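Colleague: Please take a close look at the charged side chains here, and say where they pair and where they stay unpaired. I'd enjoy having it as one connected tour.

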Amino acid sequence: MDHSERYDPEDIEHLMAERSFAELLPEERAYVLRHLSGPEEYEAMRALMLHLKEGPEEGEPMDADPMVRERVMSAFRDAQQPRWRIWLNSVGTWFIPEDGFAVWRPALVLGTLALLVVSTVVVVQRMNSSENALAEVKPAKQLGNEEGRAPMQQTDTDPAVTAAPTDHEEKGPGSAVATRNLQEDVTPMPQQAYAEEAKPDVPATTAHAVMDERMATAQEAPEDAVAFSDAEVARKEQQSSGHVVTLEELSTNMSVANATGKVRAAAPPAPMRERDAGLSCSVAQQPELLQLVAAGW
Amino acid sequence: MAILGRSYDKLNDERLMELVVNGDERAFATLYDRYHRRLLGYFHRMLWQNREMAQDHLQDLFTKLARNPRSYDPSRPFRTWLFSVANNMCKNAYRHAEVVRIAEKHLMNGQDRVEAHGGVEVDRAHFRDRLDAELDRLDPDQKATFVMRFHEELAIKEIAAAFGCSEGTVKSRIFYTLKKLAERLKEFDPNALMPNGPQ
């Protein structure tokens with residue numbers, strides 16, 4: 001093969017497509033015969049090529065199955081969906097599965113577990129709230145039915161409180177009132193104390209004057225059966241499991257006693273009650289007391 | 001820009017691919033309608049005239065195009081790129097098949113047909129079957145080059161771009177493929193197939 005000659009089979013193919021061997025120029029024949037064995041081979045190749053180019057396409061599938069087009073277009077639409085929508089479709093399928101039976105069991109378990117947790121929390125909260133009850137208001141009649149109750153519970157940190165019931169049982173009703181008053185004095189009432197400190201300008205003088213007047217009036221009144229019954233009430237209060245706060249105590253701003261340092265006299269509060277009955281037990285009707293209460297609380 | 005059916009048919013392949021990249025479904029449908037027959041014929045010839053396999057490959061090719069249209073290089077002609085992808089898919093199919101055994105099967109079928117016809121009067125369909133059988137015996141690159149050139153009517157330049165080789169390589173392949181096929185199909189006397197006979 002002459003390396004200087006440019007081997008270009010396309011030229012031979014082009015010649016074959018246009019002309020037969022007999023129609024070739026001498027130079028072209030020489031060129032063809034350099035790469036082919038003879039005119040027979042040239043003619044065979046030429047015939048095959050012409051047949052391929054001009055022959056009808058027989059037995060060839062012209063159209064694909066229509067399902068192929070549908071699948072392809074579906075793939076295109078799926079590819080155009082944003083990723084978040086594809087993810088969202090999977091979330092929806094998870095929440096609303098086609099096979100719901102496969103999901104109801106774990107759902108039931110989770111629901112039961114959640115119910116147990118909630119009920120436990122509610123029960124514990126209720127128990128804690130009952131333990132934290134500080135006081136309750138009971139009418140005087142109920143106090144009479146509480147005989148035989150266990151002695152009042154005592155706090156270990158307050159010896160005065162601890163000693164009170166024992167002293168009361170031995171000494172008598174008068175000392176019971178005093179003991180009770182002592183307990184009232186020593187019983188911590190943080191909210192009222194803090195309020196007292198926070199608002200020094202509480203108009204307690206007016207309330208003090210009112211309470212002092214009452215106390216003085218009560219002291220003048222002779223002890224009578226009502227007072228004695230009141231002492232019995234106090235004694236029974238001590239015998240009860242806890243300190244029972246009466247309506248009078250609620251209406252009384254204990255900070256008054258703390259501020260003045262005065263211990264309420266053993267004078268029975270019954271006359272005070274009788275006197276106060278006319279004045280109405282409602283704190284809302286006594287603005288001075290209201291102010292004291294507001295300041296204390 | 002007016003989006004009408006006619007305008008889509010008049011757009012060239014490269015412009016349609018730009019629209020496909022932007023998510024235009026009609027552009028993608030137009031490309032499919034434009035090329036699915038040719039590609040199906042190509043796969044059919046390349047994959048031993050197996051229609052089912054040819055349809056599967058056709059679906060796979062357009063599915064890949066739908067899912068990743070940006071894989072197309074706009075600097076290349078779309079038809080060239082498309083046949084390049086198809087050729088690569090056929091190569092993968094060859095790696096997983098026993099080419100010789102399948103080709104021999106087709107060759108045996110062709111010889112039976114020759115004997116039945118006596119080699120005197122050979123219809124074009126019979127010759128086509130024999131031609132396909134002989135093509136199956138060729139090297140995959142030679143076969144693909146031959147099919148692209150004489151069945152898909154691609155230019156030498158396009159075939160070279162599809163294969164990623166030089167034009168001289170493509171020309172050489174075509175020449176030697178023609179030469180080999182002419183020798184193997186000699187018993188059919190191809191000159192007798194010409195309407196005017198040999199001259």
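Modeller: Happy to; the tour goes from pairs between chains to pairs within a chain, and then to the surface patches.

First, a word on the ground rules. This is a predicted model, in which local features need pLDDT of at least 70 and side-chain atom pairs count only at pLDDT 80 or more, while totals for chains, interfaces and linings use all residues. Residues are numbered from 1 along each chain as its sequence is written, chains are lettered from A and ligands numbered from 1 in the order written, and side-chain values use heavy atoms, leaving out hydrogens and water.

For the setting, chain A has 16 helices and zero strands (DSSP runs numbered from the N terminus: helices are H or I of at least four residues, strands E of at least two). Of its 297 residues, 34% count as buried (under 20% relative accessible area; exposed is over 50%, partly exposed in between, with a 1.4 Å probe and protein chains only).

Now to the pairs. Side chains of opposite charge can pair when their charged atoms come close. Over all chains, the search finds 17 salt bridges (a side-chain nitrogen of Lys or Arg within 4 Å of a carboxyl oxygen of Asp or Glu). One of them joins A:Asp63 to B:Arg37, with 2.5 Å from N to O. This pair crosses between chains: A:Asp63 sits in the loop between helix 3 (39–54) and helix 4 (66–80) of chain A, and B:Arg37 in helix 3 (residues 25–46) of chain B. A:Asp63 is partly exposed because its relative accessible area is 39%, and B:Arg37, at 40%, is partly exposed too.

A second bridge between the chains involves B:Asp33 and A:Arg69, whose closest N and O atoms are 3.1 Å apart. Here the pair runs from helix 3 of chain B, home of B:Asp33, to helix 4 of chain A, home of A:Arg69. B:Asp33 has a relative accessible area of 35%, so it counts as partly exposed; A:Arg69, at 28%, is likewise partly exposed.

Within chain B, B:Glu18 bridges to B:Arg15, and their closest N and O atoms are 2.8 Å apart. Both belong to helix 2 (residues 13–21) of chain B, and because they are three residues apart there, about one helical turn separates them. B:Glu18 is partly exposed at 44%, as is B:Arg15 at 28%. Elsewhere in chain B, salt bridges with shared partners link B:Arg130, B:Glu134, B:Arg137 and B:Arg184 into one network.

What about charges without a bridge? A:Asp65 joins B:Glu52, B:Asp56 and B:Asp60 in a negative surface patch (patch residues have over 30% relative accessible area and no salt bridge; like charges are joined within 9 Å, nonpolar side chains within 5 Å; Asp and Glu count as negative, placed at CG and CD). Of these, B:Glu52 lies in helix 4 (residues 51–67) of chain B, and it counts as exposed because its relative accessibility is 52%.

For contrast, A:Leu113, A:Val117 and A:Val121 make up a nonpolar surface patch, with about 260 Å² of accessible area together (by the Shrake-Rupley method with a 1.4 Å probe). A:Val121 belongs to helix 6 (residues 101–131) of chain A and is partly exposed, at 42%.
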